[in-house]
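Here is a note for a colleague who is coming to this structure without earlier acquaintance. Please keep the sequence and the model open while reading the points below.

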Amino acid sequence: GSGLDPDITPQDAIVQIPMVSKATGISPSRLRALIAQETQGAELGFLGSSYINVLQLNEALAKLR
C-alpha cells in the first residue's frame with residue numbers, strides 16, 4: 001500500500017468545505033449533508049471514532065456534479 005490512510009475524520013472533511021465548494025460550485029450546506037451521509041460510526045458503537053472513507057466520499061461528490 002501507499003501508506004496513506006484511506007479514512008479521515010468528519011472534522012477534517014468539514015475544514016475542507018470552503019475549498020471544495022469553491023472548486024466544485026457545490027454549496028457548503030450540500031457538502032455538509034454529504035459529509036454527514038458518508039460518516040461511519042465507531043466500530044460496535046464504541047471502538048475508535050467516527051470516520052469517512054475518502055474514496056467513497058469522492059465518489060459521492062462526483063455524483064453531485
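The numbered points go from the overall layout to the sheet, two of the helices and two single residues.

1. The model is a predicted one, and the description that follows should be read with that in mind. The protein chain holds four helices and three strands, and when these are read along the sequence they follow the pattern β-α-α-α-β-β-α.

2. As for overall dimensions, the C-alpha trace of the protein chain spans about 35 × 25 × 20 Å along its principal axes. Of the 65 residues in the protein chain, 22% are buried, while the accessible surface comes to about 4,700 Å², with 56% of it belonging to carbon and sulfur atoms.

3. If one considers the contacts in the protein chain with a separation of 6 or more, 51% of them are made by residues 24 or more positions apart. On the matter of charge, the protein chain has 5 positive and 6 negative charges, and the mean positions of the two groups are 17 Å apart.

4. The three strands form an open sheet in the order β1-β3-β2, with antiparallel pairing. Strands β1 (7-8) and β2 stand at the edges and have a single partner strand each, so one side of each is left without a neighbour in the sheet. Between β1 and β3, which run antiparallel, there are two bridges, and Asp 7 has Asn 53 of β3 as its bridge partner.

5. Which residues of helix α3 are buried? In this helix, which covers residues 28-38, they are Leu 31, Leu 34, Ile 35 and Glu 38. These residues lie on the same side of α3, because they cover an arc of only 100 degrees around the axis. An α-helix has 3.6 residues a turn, so residues three or four places apart point the same way. On the other side of α3, the residues Ala 36 and Gln 37 are exposed.

6. It is also worth asking what covers the buried residues of α3. The cover includes the helices α1 (10-15), α2 (17-24) and α4 (54-64), together with the strands β2 (39-40) and β3 (51-53).

7. Helix α4 can be described in a similar way, beginning with its buried residues, which are Leu 57, Ala 60 and Leu 61. They are placed on the same side of α4, because the arc they cover around the axis is only 100 degrees. The face of α4 turned away from this buried side carries Leu 55, Ala 62 and Lys 63, which are exposed. Among the elements that cover the buried residues of α4 are α2, α3 and β3.

8. Is Gln 56, a residue of helix α4, buried, partly exposed or exposed? Its relative accessibility is 38%, and because exposed means over 50% and buried means under 20%, Gln 56 counts as partly exposed. The C-alpha atom of Gln 56 is separated by 9.6 Å from that of Asp 7, although the two residues are 49 residues apart along the chain; this Asp 7 is the residue whose bridge partner in β3 is Asn 53.

9. Lys 22 has its place in helix α2, and with a relative accessibility of 76% this residue counts as exposed. Lys 22 and Ser 50 are 28 residues apart along the chain, and their C-alpha atoms are separated by 26 Å.

Note on methods
Residues numbered from 1 in each chain as written. Predicted model: local features only at pLDDT ≥ 70, side-chain atom pairs only at ≥ 80, totals over all residues. Heavy atoms only, no water. Buried < 20%, exposed > 50% of the residue type's maximum accessible area, 1.4 Å probe, protein only. Contact = heavy atoms within 4.5 Å. Areas by Shrake-Rupley, 256 points an atom, 1.4 Å probe, with all protein chains shown as cover. Lys, Arg positive; Asp, Glu negative; His and termini not counted. Charge placed at Lys NZ, Arg CZ, Asp CG, Glu CD. Arc of directions from axis to C-beta. Pairing = 2+ DSSP bridges.
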